[in-house]
Amino acid sequence: MTLGRGRFGTQNLAWLLAAAIGVAAFLRVEARGAAPLVRIDMLRDPALGGSLIAAALVATVMMGTLVVGPFHLSRALGLDAMGAGLAMSMGPAISMLSGMPAGRLADRFGAKRVSLAGLAAMLAGAALLAALPASLGVAGYLAPLAALTVGYALFQAANNTLVMAGQPADRRGLVSGLLNLARNLGLVTGAAALGAVFAAAAGGPIADARPEAVAWATRAVFAVSALLMAAAILSLRRGRRAGLAPARAA
């Protein structure tokens, strides 16, 4: 996609078509292989599929914060490089400090409840970032970002427990790999898709955009992020309900 230099053309379409063919060929081989790298039938499990989709969407949003944050802090809020770096370090610090409490909360209140609570916190944080004006300054950006990051830590700890707890020993390694794959696909998607939303909303090259345009582009990205978090909540809830349906019928 970089070869298009920001313009979508025949070359980009050809690369996307090649990628689609590659994915289709991979799925075909894995479905027929005697010892597949990825067991396609596992993806038909609604509970597992819902958790994987939610994990991918969460990673997409978190990568979006890393892509948008430096531009918003420097261009819209006027921070220098050191100030922007210190502000950006708040997210990883919160994630580090909230990891252990998140695991304890998942053990105490149940992984499903905590995972949904984490997604709800991420939805609230993204919605606030989409709604609050840049005139609130750094605090108006970092406070919702803190809520979003805490929600991320809660979801990660609880969703991993939710997915791994019900797996037999011979499938745990594969399921763990699928979780990592979902996160990595989400990270790549966040950098590409939300980066594209940011650039389009800014109306031109970011280096030449006015602070008001950068602030508007940031709100657009987090509005999309809020929609993605709503989709993650629906995916997780529907997957778990569908996964419990046979047990209730029995």
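Phe-155 is buried, with a relative accessible area of 0%, and this residue makes a handy way into the predicted model. Phe-155 belongs to helix 6. Setting aside neighbours within four places in sequence, its contacts are Ala-54, Ala-55, Val-58, Ser-115, Gly-118, Leu-119, Asn-160 and Leu-236. If you like to check distances in the viewer, try Phe-155 and Ser-235: they are 80 residues apart in sequence, and their C-alpha atoms are 14 Å apart in space.

**Other residues of helix 6**

Asn-159 also lies in helix 6. Is Asn-159 buried or exposed? Its relative accessibility is 0%, so Asn-159 counts as buried. Not counting residues up to four places away in sequence, Asn-159 touches Ser-51, Ala-55, Ser-115, Leu-179 and Leu-236. Ala-55, Ser-115 and Leu-236 appear in the contacts of both Phe-155 and Asn-159.

Ala-146 is another residue found in helix 6. With 19% relative accessibility, Ala-146 counts as buried, because the cut-off for that class is under 20%. Beyond residues up to four places away in sequence, Ala-146 touches Met-90 and Ile-94. Its C-alpha atom is separated by 7.7 Å from that of Gly-125, and the two residues are 21 residues apart along the chain.

**The nonpolar core**

The largest nonpolar core has 60 residues, and Leu-119, Tyr-141 and Met-229 touch the most other members. Two or more residues each come from helix 2, helix 3, helix 4 (90-109), helix 5 (111-131), helix 6 (137-165), helix 7 (172-202) and helix 8 (211-249). Helix 2 gives the most to this core, with 12 residues. Leu-119 has already appeared here as a contact of Phe-155. As for Tyr-141, its contacts outside the four nearest places in sequence are Thr-65, Gly-69, His-72, Leu-73, Leu-77, Leu-129, Thr-218 and Phe-222.

**Helix 2 against helix 3**

Helix 2 (residues 46-76) packs with helix 3 (residues 81-88) at an angle of about 145°, and their axes are 9 Å apart. The crossing of these two helices is right-handed. On the helix 2 side, the contact is made by Thr-65, Leu-66, Gly-69, Pro-70 and Leu-73, while helix 3 brings Ala-84, Ala-87 and Met-88. Sorted by class, this contact has 6 nonpolar, 2 polar and no charged residues. Thr-65, Gly-69 and Leu-73 are also among the residues that Tyr-141 touches.

Leu-86 is found in helix 3 too. Its relative accessibility is 59%, so Leu-86 counts as exposed. Leu-86 and Met-63 are 23 residues apart along the chain, with their C-alpha atoms separated by 18 Å.

**An aromatic pair**

How many aromatic pairs does a search of the whole structure find? The search finds 1. The pair is Phe-71 with Phe-198: the ring centres are 5.8 Å apart and the planes are at 35°, so the pair is tilted. Phe-71 lies in helix 2 and Phe-198 in helix 7, so the pair ties together parts that are 127 residues apart in sequence. Here is how the two rings, and other residues met above, compare in accessibility.

| Residue | Relative accessibility | Class |
|---|---|---|
| Phe-71 | 35% | partly exposed |
| Phe-198 | 3% | buried |
| Leu-86 | 59% | exposed |
| Ala-146 | 19% | buried |
| Asn-159 | 0% | buried |

Methods: Residues numbered from 1 in each chain as written. Predicted model: local features only at pLDDT ≥ 70, side-chain atom pairs only at ≥ 80, totals over all residues. Heavy atoms only, no water. Axes fitted to C-alpha atoms, helices over the stretch in contact; angles between N-to-C directions. Helix = DSSP H or I, 4+ residues; strand = E, 2+ residues; numbered from the N terminus. Left-handed = near helix turned anticlockwise from the far one by under 90°. Contact = heavy atoms within 4.5 Å. Nonpolar A, V, L, I, M, F, W, Y, C, P; charged D, E, K, R; others polar. Core = buried A, V, L, I, M, F, W, Y, C linked by side-chain atoms within 4.5 Å. Buried < 20%, exposed > 50% of the residue type's maximum accessible area, 1.4 Å probe, protein only. Phe/Tyr/Trp six-rings, centres within 6.5 Å; stacked < 30°, edge-to-face > 60°.
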